[in-house]
Amino acid sequence: MIAVKGIKYATAARFGKATKLSESDDDAAIIICPQRLSPLSKASPISQGLKNATQPSSNPVLGEDCLRLSIFSPSAEGSRAVLVWVPGGAFIKGSGLFDRYDGTILSQNADIVVVCVSYRVGVFGFFPGTGNPGLGDIVCALDWIRENISRYGGDPGRICVCGQSAGAYCIANLISASTRPLFRNAILLSPPLGMSPLRTTKLKRLIIKNLDNRGVDIHSASSEVLLECQEEALKEIGGSAMPFCTENCPRFPSRKVMPDLRNVLVCTEANDASPFVPAVLEGLATKLIFELPARRFVSVLRDRGVAASLEKLSWVPGSSRLKACHTLEVSLLLGSWEDWHTADMLEGADKEEWERQSGIFKSRIASFTKL
């Protein structure tokens, strides 16, 4: 079994376009984009309901030298289908290097190569007016993977991207905007396609004001100061589900589709919105933010000749008040019970039943990856 974590796939100046590197394990390190890893506050755009599910269980190094990925493969021999994991985190947090995103079990059981990608988030990756460097990081990572994955037993012609939440939103952007083939198949888990950033202009203004008060600008400020200014601005605008987002990208559903895209699977959770809104609003919010936009997106893809399908996950773990909620599917796909069992969304879950559901979900994703 091969497990190489923290391979550096690119370099980039702050807000600059990522420059792809040649294959090398020499500079491997667990470094993630600067973000707040402390327990989530009420001002966080990510709900308290997902506490302990959206944090790494260890303390990784924070830094802007964060364009890195991890590879899990049964062997360097052969030519297996490749699953590329693009994590979510409301565009303000997350990394493919989080230990909960370990792809060992999935790779071993399904006989596929799993690649977990990190990209810039928050002010570093999606600051309004900077041209979506975080989205560009994902494209750069895919280019690196196509050029190098054969060294790890992967087939560069059989790449399936799989993203959740903001990661799925980014994949939808690429499907709708890319003019060249980037991947063969795509899996979108709980994509919030009904969301659009409502306060990005105000957020940008507040961050710049906070920087001015410190006598620095977005280019000269240290990463810690820039992150502080972001957090202060987020608190001032209040809880917004997606304060940052991709900009100047097609609205969903777009009539344009990336060339050579074959298969797309969109999965929503039956209670996707439960961590974010009062219980009385959960059904409506799930429908408007997740279910209906996903249905429209799939319909457009089918009209454009893509084999697209829509599925809903409804398993409720134990006595969880969050039911079949946002992010639950990630716990079934990557990592292990030991990685996830403390998450609020798995409250009261039975280990054996979780392992059974995890096996079913892993098998479904692996089968689709191999199409």
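Just after helix 7, the residue G305 takes a positive phi of about 90°, and this glycine is a convenient place from which to begin a walk through the structure. The model is a predicted one, in which local features need pLDDT of at least 70 and side-chain atom pairs count only at pLDDT 80 or more, while totals for chains, interfaces and linings use all residues. Residues are numbered from 1 along each chain as its sequence is written, and side-chain values use heavy atoms, with hydrogens and water left out. Helices (H or I, at least four residues) and strands (E, at least two) are DSSP runs, numbered from the N terminus.

Stepping back from G305 into helix 7 itself, one finds residues 279-303, a run of 25 residues that reaches 36 Å from its first C-alpha to its last, close to the 36 Å expected at 1.5 Å a residue; the expected span is 1.5 Å times one less than the number of residues. Helix 7 nevertheless has a kink of about 45°, centred on K287, where the bend at a residue is the angle between axes fitted to the seven residues ending there and the seven starting there. Among the buried residues of helix 7 are A285, I289, F290, P293 and F297, buried meaning under 20% relative accessible area, exposed over 50%, and partly exposed in between (1.4 Å probe, protein chains only). An α-helix has 3.6 residues a turn, so residues three or four places apart point the same way. The buried residues of helix 7 pack against helix 4 (166-177), strand 10, strand 11 and strand 12 (307-313), with contact meaning heavy atoms within 4.5 Å.

Those strands lead to the sheet, which is open and built from eight strands in the order 1-6-8-7-9-10-11-12, with mixed pairing. Strand 1 (2-8) and strand 12 stand at the edges, and because each has a single partner strand, one side of each is left without a neighbour in the sheet. Neighbouring strands of this sheet are turned by 15° against each other on average, direction ignored. Two strands pair if DSSP finds at least two bridges between them, and strands 10 and 11, which run parallel, are joined by five bridges. Helix 3 (residues 133-148) lies across strand 1, strand 6 (68-73), strand 7 (80-86), strand 8 and strand 9 (154-164), and runs at about 155° to strand 9; here axes are lines fitted to C-alpha atoms, for helices over the stretch in contact, and angles run from 0 to 180 degrees between N-to-C directions.

Within strand 11 (residues 263-269), N263 deserves a closer look. N263 counts as buried at 15% relative accessibility, and it is the bridge partner of N185. The side chains of N263 and N185 are also joined by a polar contact of 2.8 Å, that is, a pair of N or O atoms within 3.5 Å, of which, within protein, one must be able to donate a hydrogen and the other to accept it, and residues adjacent in sequence count only if both atoms are side-chain atoms.

Two loop residues complete the tour. S190, in the loop between strand 10 (185-189) and helix 5 (200-213), has a positive phi of about 50° although it is not a glycine, and S190 is buried, with a relative accessible area of 0%. D111, in the loop between helix 1 (104-110) and strand 8 (113-117), likewise is not a glycine and has a positive phi of about 55°, but D111 counts as partly exposed at 40% relative accessibility.
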